[in-house]
Each structure stands twice: as C-alpha cells, then as structure tokens.
Amino acid sequence: MFIVCVAACPTGVAHTYMAAEALEMTGKKRGHEVKVETQGCMGAENEILDEDLARADAVIIAADVAINGKERFAGLVKLECSVSDPIKFGDAVFEAVEQEVAHG
C-alpha cells in the first residue's frame, strides 16, 4: 500500500519529527510505501502532492493540533491519532489502517 501521513505537534519540533520517523520506519517494516508531511514551526515540509493523493490507499494523521489542508484527504481511508501513537504503538496504528483498507 501507499500511505500518506501528516505529523504535527503543538510546538512542531521534537514529537513531529519523531512521529514522522516512526511512521516511515514502521510502514517500511510492514511492506508499505510511506510519505510523511510534517507541519510545525518550519511550516510544512515534504508536502503531500496531488499525485501522491491520486495513488494513496490511506492517510494517517498523527497530530495533537489542527493540521492545514485536512480537506485534501476527503474520500481516503483515514486514521487520526495522537502524534505520540506512531512512536509508542506504530504497529497498532498501521494494523488499524490495513484493516480499514481491507474491509473498506
């Protein structure tokens, strides 16, 4: 699967990048292609593009703040969780998305 993700924490520093790294590592370990956009004090980095959305199977939004551009993900299987969840429970986050896509 190709899964796009957004990571964002209130300060937009440590947890944002820790979550992004966890999403990338766990996704790859589970055999998925993952692209993670970070939103924080530096603005949006590694932005999800229209062509990414066109081929995405699902989106994971790991954020403890409102994210910019949430409407882009309309129509996609979506999992929203705390920014710390991919760090602490990476496999469970991906398992939930996989189940949703399989039964969606």
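In which strand does F2 lie? In this predicted model, F2 belongs to strand β1, which spans residues 2–8. F2 is buried because its relative accessible area, 4%, falls under the 20% cut-off. Outside the residues up to four places away in sequence, F2 touches E33, V34 and K35, together with D52, R55, A56, D57 and A58. One of these partners, K35, is 33 residues from F2 in sequence, yet the two C-alpha atoms are 8.0 Å apart in space.

The largest nonpolar core of the model comprises 17 residues. Within this core, the residues with the most contacts are I3, C5, L23, V36, I60 and F94. At least two core residues are supplied by each of the strands β1, β2 (33–40) and β4 (58–63), and likewise by each of the helices α1 (14–29) and α3 (85–103). A second core, separate from the largest one, consists of 13 residues, among them V6, A8, I48 and A63.

The surroundings of C5 were examined in further detail. Apart from neighbours within four places in sequence, C5 is in contact with L23, I48 and I60, as well as with the consecutive residues V34, K35, V36 and E37. Of these partners, I48 is included in the second core.

Strand β2 also contains T38. With a relative accessible area of 5%, T38 is likewise buried, because this value is under 20%. When residues up to four places away in sequence are not counted, T38 touches A7, T16, Y17 and A20, and also G43, A44 and E45.

Key:
Residues are numbered from 1 along each chain as its sequence is written. This is a predicted model: local features need pLDDT of at least 70, side-chain atom pairs count only at pLDDT 80 or more; totals for chains, interfaces and linings use all residues. Side-chain values use heavy atoms; hydrogens and water are left out. Helices (H or I, at least four residues) and strands (E, at least two) are DSSP runs, numbered from the N terminus. Buried means under 20% relative accessible area, exposed over 50%, partly exposed in between (1.4 Å probe, protein chains only). Contact means heavy atoms within 4.5 Å. A nonpolar core is a set of buried Ala, Val, Leu, Ile, Met, Phe, Trp, Tyr and Cys residues joined through side-chain atoms within 4.5 Å.
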